[in-house]
Amino acid sequence: MKRIPTNIITGFLGAGKTTSILSLLARKPEHEKWAILINEFGNVGVDGAILEQQGAIIKEVPGGCMCCVAGLPMSVGINALLAQKPDRLLLEPTGLGHPKEVIHKLTSESYRNYVDLRATITVVDPRYFADNVYTDNVNFQDQLALADVVVANKIDQCDDFDLYTFQTAMEKAEPKKALIAEVEHGRLELEWLDIERADRQAQHSHHHHGHDQTEPLPELELAPGQQFIRKENHGQGYHSCGWFFAADQLFEFSKLFSLFSNLSANRIKAVVNTENGCFAFNVVNQVVSVNELSLEGFESRIEVIDNEILPWDELENILCSITANTVAK
């Protein structure tokens, strides 16, 4: 069997991993079939819905770092994707994940004859390097330490001090052989994917606190007449709450945009049916970006992540108050 070129695209919450993968998919060779294993901290699978728009083969491992769940969900996902014989495999760990065990899994005896692991690409927001909430986080540190390519994303949103802080950190970083790049809108270069992987060492042992699971989470499915499902998760000092709404629930676009703009949370992402169509919302530090999608008959998904427990019940009531009961027929 041909070994499948494989990359890990990692980075902390809000750095732009999914946007970066979308950029790669938009420019991949037309004849190639790519597969993506997505791991989200939350349980409602927002990123997979967005990436499916580009025609990639998608499998999801929701509910926390995929290498902390006895390895079974990750193995199941990888095996399912390899069985479809893609031309390239990408893995996107959660922003709170640690790539060490993912690398270990892909280079193990179980996969070395099937996977050709190439560059690990770490996407960062340069503004994080002036904030010890990020720089003191061991996952953030090791995502950098294990990178073959470090990509400073969102440089169009950075000032000179942000870029200076990032560049200074990279000058002091070990190892120094990683490729350092600066981009806007997650535009990774395709040739970076084929950079040879180096044997790099993490600075910290790998251990996460949070719930463990030994089996993949069941598919989200609403009972007849049920309007939404709520799923919560916690670990590594963060808390998430996600909602999965029935396809016949329409959100009022303007009110949802206003809610996301005023909600103090580290990260919000959503794929939502509105009276104006289906939209993907991406919110980092109350800055909202929106992209229209061509999905139809799709269940809305909203995920909120913060380092504190937010008033989830109150937020749920607000969300329910800005939905219509059914789609007009």
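Which side chain of opposite charge is nearest to Glu92, a buried residue that has no salt bridge? The structure is a predicted model, in which local features need pLDDT of at least 70 and side-chain atom pairs count only at pLDDT 80 or more, while totals for chains, interfaces and linings use all residues. Residues are numbered from 1 along each chain as its sequence is written, and side-chain values use heavy atoms, with hydrogens and water left out.

The nearest side chain of opposite charge to Glu92 is Lys17, 4.6 Å away, whereas a salt bridge requires a side-chain nitrogen of Lys or Arg within 4 Å of a carboxyl oxygen of Asp or Glu. For charge, Lys and Arg count as positive and Asp and Glu as negative, with His and the chain ends not counted. Glu92 is nevertheless buried, a term for under 20% relative accessible area, with exposed meaning over 50% and partly exposed in between (1.4 Å probe, protein chains only). Beyond its neighbours within four places in sequence, Glu92 is in contact (heavy atoms within 4.5 Å) with residues including Lys17, Ile21, Ile38 and Asp47.

Glu92 belongs to strand β4, residues 88–92; helices (H or I, at least four residues) and strands (E, at least two) are DSSP runs numbered from the N terminus. An open sheet of 7 strands with parallel pairing follows the order β3-β2-β4-β1-β5-β6-β7, where two strands pair if DSSP finds at least two bridges between them. Because β3 and β7 stand at the edges, each with a single partner strand, one side of each is left without a neighbour in the sheet. From one strand to the next the twist averages 20°, the axes being lines fitted to C-alpha atoms, for helices over the stretch in contact, and the angles running from 0 to 180 degrees between N-to-C directions. Strands β2 and β4 are joined by 5 bridges, and Ala35 stands opposite Leu89 in β4.

Helices accompany these strands. Helix α7 (residues 160–172) lies across β5, β6 and β7, running at about 175° to β7. The buried residues of α3 pack against elements including β1, β2, β4 and α4.

Elsewhere lies the largest nonpolar core, of 24 residues, in which Trp243, Leu256 and Phe281 are among the members that touch the most others; such a core is a set of buried Ala, Val, Leu, Ile, Met, Phe, Trp, Tyr and Cys residues joined through side-chain atoms within 4.5 Å. Its largest share, 4 residues, comes from α8. A second, separate core of 22 residues includes Ile21, Ile38, Ala119 and Trp192.
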